[in-house]
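Please open the model in your viewer and keep the selection panel at hand. The tour proceeds by selection, one element after another.

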Amino acid sequence: MNLALKDIRHNLSRFSLTALGIGMLLMIVMGMGGIYQGLIQEATLLVDNIGADLWVVQRETRGPFAEISRIPRNLEDRLKSMPGVVSARAFVTYPVQREFRDKPLRMQIQGLSWPDDRGAWLPLVAGRRIESAHYEMIVDQILGLGLGDKVKLGKNVYTVVGITKNMSSMAGDGLAFFTLLDALDIQYDYSGEAIRIEREARRWRVAKQDIGATLPSLLERALLPSSNLAALPTPYVSAVLVTLFPGTNVNTVVEKISGWTDVTVFTRDQQNELLLRGVVDRARRQLGLFRSLLIVISTIIMALIIYTLTLEKIHDIAMLKLIGARNSVILGLILQQALLLGFLGYIFAFYVGKWVFPMFPRRVVINADDLIYLAMIVFVISILSAGLGIWKALSVEPNEVVS
Amino acid sequence: MTASTLAIRGQSLTKIYGSGNAEVTAMEDVSFFLSTGEVVALLGPSGAGKSTLLTIVGLINSPTSGRLFIGEDLVTDGPAAKVNLRAYRRRFIGYVLQKTNLIPFLTAVENVRLALEINDVSGRAARNRAMELLKSLDVVHRSGNLPYMLSGGEQQRVAIARALANRPRLVLADEPTAALDSVRGRQVMELFRTVAREYGTTVMVATHDHRSLDIFDRILEMEDGKLLSQRHADISSRIAKV
């Protein structure tokens, strides 16, 4: 006869509610783990998916995800000429916030070096890759845009041609992919008035110089668009991504690029390491600590529940001892109930979490390793919780029944 | 220890609670002997030491001094247990208390089965034995009911069935009829008599109920922790009533 199950049958509604409560608690623990994993995945998502072996960034910076990195776009050509390099693609990333259908639309813009990079590596769930040099965009479904939606950014209107899934930035904003030129256009979009003022200021600066007085034609040239002025640089990009031929010695290429004094180079692993150790480190540690705290709280709460359940049965336990029940019978009663509570709570947490977590605004990633890890934690929590009840039960004297 | 020779023997049993100024002598220098199949009443006012003696004989309390034998076995020598008391209780002693103390989440038959199963009787055999006992105690029709669904008398009969489940050599009852009306109370006492006769079980009953004394073979009277007298009940009236 299984006393634990008989007791549960007798107090089914109360036991179910208790299991539900523990399940909710475990769901929070599971969710915290999922948010933690989501943060890591979001941070390394782009670096893992974009398929670059090397990230070349502004000298002494840690790359576009850690800080502002600005390098000339023509670095692409320099890198392409290196032995072992298959491709070098300029990369631009920055966040923007606009209004769309009277709601704020916050996205992380990524510039793809079209036509070399048309976004073939993107996990599309609908639509297609970027097929035109201008005015097309691929967005993540988290942004809530649909295929064919038109969004005005800067002076141009861009059409959504593809939808991705689970592509978000470290801040949780959905990624939006444009051709590099479009991304730069959006980034360096100035109003007509601002441009006119800047041109006039430029003309005034030249006029103040001796060269302006001696070469009056320069004053006229100062009023031309920036792109027509050879003295002004082309727009900067955030990084250049390098893909190597299979079998190429990465270290050799890194060594060569490191010899250039205007850039810094990172391998994919180094870039990931920088992201995890630097950019998301505090958030990661905070979530980790909070999760540990939740586990401790769960243990205490569960121990108190098991202890209370044991206290309610203390008279029956004394009676069991009086009629000679072995300790294993009493231990089994408490331990089985604790394990069953933990198990049911875990199952509840898993299934309800599976339903609830996708509704969270940021990614919650529940992976198999985490589930196994949590199952082991729940098992240990159940044992520890039962320990308190068992200690109480074993300290009960059978003569308490008589008294 | 064998069934035929089993008897309970107490030698100079003393129980003192507390120490120093707070010392209370609950029982002092009590010696007695219970024969196999004997039904013995333990009489005395409240605080006389009946329950203390019962718990010491029932191996749920240890004496401060004195020795207790079950059959030939020295079970306790002063506070020191000489055997595994819980195993002894499981195998040789049945308890019927004033409150029935049935496990509330088990049905009547499960309460009886539990006593058998913790004594390693298998499921089907335990169930058959439990049903047989409930039938003999005229409560088999309530076998599937939880304790709260039973009347006081029915609960007490289930408790007796549980006490008898393992065919114990000693049944200890502490005020078993206190919660019952006189008719039910007498029925319970007569049941003890029957059990002793049929199974050779020694029965010791602590009671205030003087109306059923004719059922007992012997009466032990206690007062202020001391055993005052051990006398045989009036045999003629007993025969007439039983």
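Which residue in β9(A) is the bridge partner of Ile109(A)? In this predicted model, select Ile109(A) together with Ala176(A), which is its bridge partner in β9(A).

Next, extend the selection to the whole of strand β9, residues 174-179 of chain A; 6 of its 6 residues are buried, so the strand is largely enclosed by the rest of the structure. Add strand β4 (residues 103-112) of chain A, which pairs with β9(A) in the parallel sense over 6 bridges. Then add strand β6 (residues 136-140) of chain A, whose pairing with β9(A) is antiparallel, over 2 bridges. Here Phe177(A) of β9(A) is the bridge partner of Ile138(A).

Keep Phe177(A) selected and display its surroundings. Beyond its neighbours within four places in sequence, its contacts include Leu46(A), Trp121(A), Ile130(A) and Met167(A). Phe177(A) is also among the residues with the most contacts inside the largest nonpolar core, which has 108 residues; Trp55(A), Phe32(B), Leu53(B) and Met204(B) are listed with it. Select helix α2 (residues 12-49) of chain A to see the largest share of this core, 14 residues. Domain 1 (3-43 + 281-400) and domain 2 (49-279) of chain A both contribute residues, so the core lies between them. A second, separate core of 40 residues includes Ala88(A), Ile163(A), Leu180(A) and Ala183(A).

Finally, select helix α1 (residues 3-10) of chain A, where the buried residues are Leu3(A), Ala4(A), Lys6(A), Asp7(A) and Ile8(A). Their cover includes α2, α11 (314-322) and α12 (327-356) of chain A, along with α3 (108-117) of chain B. At the N-terminal end of α1(A), Asn2(A) acts as a cap, with a side-chain oxygen 3.0 Å from the backbone nitrogen of Ala4(A).

Conventions: Residues numbered from 1 in each chain as written. Chains lettered and ligands numbered in written order. Predicted model: local features only at pLDDT ≥ 70, side-chain atom pairs only at ≥ 80, totals over all residues. Heavy atoms only, no water. Core = buried A, V, L, I, M, F, W, Y, C linked by side-chain atoms within 4.5 Å. Buried < 20%, exposed > 50% of the residue type's maximum accessible area, 1.4 Å probe, protein only. Helix = DSSP H or I, 4+ residues; strand = E, 2+ residues; numbered from the N terminus. Domains from an automatic or database assignment. Contact = heavy atoms within 4.5 Å. Polar contact = N/O pair within 3.5 Å; in protein donor to acceptor, adjacent residues only side chain to side chain. Pairing = 2+ DSSP bridges.
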